[in-house]
Amino acid sequence: MIDIHESFGVPSDPRIVWGVISDPRAVVSCVPGASLGEEQEDGSFDASVTVKFGPVKVSFRARVTLELDDAAMVGHATARGKDNQGGTRFTSTMTFAVKDEAESGSTVAIDGEVEISGKLAGLIESGASIVVKRMSSEFADSLVKRCAGVTGAATARKQQETEGATE
């Protein structure tokens with residue numbers, strides 16, 4: 001079992017952060033090696049991610065379901081899948097939340113667990129803590145940049161509207 005408990009700050013308004021983190025396509029764009037396929041009739045998504053464990057790269061395919069509570073800015077994701085060779089299977093559950101930090105913007109908290117079985121389970125579990133830290137850091141950096149871009153675009157629109165109204 002791999003436990004995940006990560007938290008990081010994002011210097012943007014919580015609603016902007018939630019707008020990004022609650023959008024599956026936006027989230028996937030913040031995860032190196034990840035892609036999101038079609039949305040299924042039941043609201044789930046096909047997804048894939050390639051993860052490097054030391055010298056070994058493992059590609060996983062999964063079905064992901066998402067439950068969002070917009071008012072509380074809390075989401076729950078579950079995924080079930082296997083590696084591309086079919087020898088390693090996983091099930092994961094995750095809860096993520098955006099909290100308002102009045103002075104610094106927002107905090108994103110991610111808690112979850114991953115159960116792995118099959119040929120590569122030992123390799124994956126032995127390197128998991130390092131990989132989780134690396135991927136969390138990369139995700140946080142991308143999320144901060146994306147939220148800053150959203151904030152910058154909104155500010156530019158407001159400036160254009162204001163300038164247009166004064167002309």
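Helices (H or I, at least four residues) and strands (E, at least two) are DSSP runs, numbered from the N terminus. On that basis, this protein has three helices and seven strands, and one of those strands, β3, is home to Ala 47. What you have here is a predicted model, so local features need pLDDT of at least 70, side-chain atom pairs count only at pLDDT 80 or more, and totals for chains, interfaces and linings use all residues. Residues are numbered from 1 along each chain as its sequence is written, and side-chain values use heavy atoms, with hydrogens and water left out.

**Overall picture**

- Going along the sequence, the elements come in the pattern β-α-α-β-β-β-β-β-β-α.
- The protein has 167 residues, and 34% of them count as buried (buried means under 20% relative accessible area, exposed over 50%, partly exposed in between, with a 1.4 Å probe and protein chains only).
- Take the contacts (heavy atoms within 4.5 Å) between residues at least 6 apart in sequence: 52% of them join residues at least 24 apart.
- About 9,800 Å² is exposed, with carbon and sulfur atoms supplying 52% of it; accessible areas come from the Shrake-Rupley method with a 1.4 Å probe, and for residues only the protein chains shown count as cover.

**Confidence**

- The average pLDDT (the predictor's confidence in each residue, from 0 to 100) is 86, and 89% of the residues score at least 70.
- Over residues 154–159 the pLDDT stays under 50, and the model has zero contacts beyond four places in sequence for that stretch.

**Salt bridges**

- How many salt bridges does the structure hold? There are two, where a salt bridge is a side-chain nitrogen of Lys or Arg within 4 Å of a carboxyl oxygen of Asp or Glu.
- One pairs Glu 6 with Lys 133, their closest N and O atoms sitting 3.2 Å apart. Glu 6 belongs to strand β1 (residues 2–10) and Lys 133 to helix α3 (residues 121–166), so this bridge ties together parts 127 residues apart in sequence.
- The two partners differ in burial: Glu 6 is buried, at 13% relative accessible area, while Lys 133 counts as exposed, at 52%.
- Another joins Arg 63 and Asp 46, with 2.8 Å between the closest N and O atoms. This pair also links distant parts of the chain, 17 residues apart: Arg 63 is in strand β4 (residues 56–69) and Asp 46 in strand β3 (residues 45–53).
- Arg 63 is partly exposed at 36% relative accessible area, and Asp 46 is partly exposed at 29%.

**Helix α1 and the loop after it**

- Which residues of helix α1 (residues 14–21) are buried? They are Pro 14, Val 17, Trp 18, Val 20 and Ile 21.
- These residues cover an arc of only 160° around the axis, which puts them on the same side of α1 (the arc is that of the directions from the helix axis to the C-beta atoms).
- As background, an α-helix has 3.6 residues a turn, so residues three or four places apart point the same way.
- Asp 13 caps the N-terminal end of α1, with a side-chain oxygen 2.9 Å from the backbone nitrogen of Arg 15.
- Ser 22 sits in the loop between α1 and α2 (24–29), and is buried, with a relative accessible area of 15%.
- A polar atom of the Ser 22 side chain lies 2.6 Å from the backbone oxygen of Trp 18.
- Setting aside residues up to four places away in sequence, Ser 22 touches Leu 66 and Leu 68.

**Two strand residues**

- Ala 47 counts as buried, at 17% relative accessibility. Beyond its neighbours within four places in sequence, Ala 47 is in contact with Ser 35, Leu 36, Gly 37, Phe 60, Arg 61, Ala 62 and Val 64.
- Ala 47 and Ala 79 are 32 residues apart in sequence, and 9.0 Å apart in space, C-alpha to C-alpha.
- Ser 7 is in strand β1 and touches Thr 107, Val 108 and Ala 109, not counting residues up to four places away in sequence.
- The C-alpha atoms of Ser 7 and Ala 97 are separated by 9.5 Å, with the two positions 90 residues apart along the chain.

**A backbone oddity**

- Met 73 has a phi near 55°, a positive value in a residue other than glycine.
- Most residues other than glycine have a negative phi.
- Met 73 is in the loop between β4 and β5 (74–83) and is buried, with a relative accessible area of 11%.

Notes: Polar contact = N/O pair within 3.5 Å; in protein donor to acceptor, adjacent residues only side chain to side chain.
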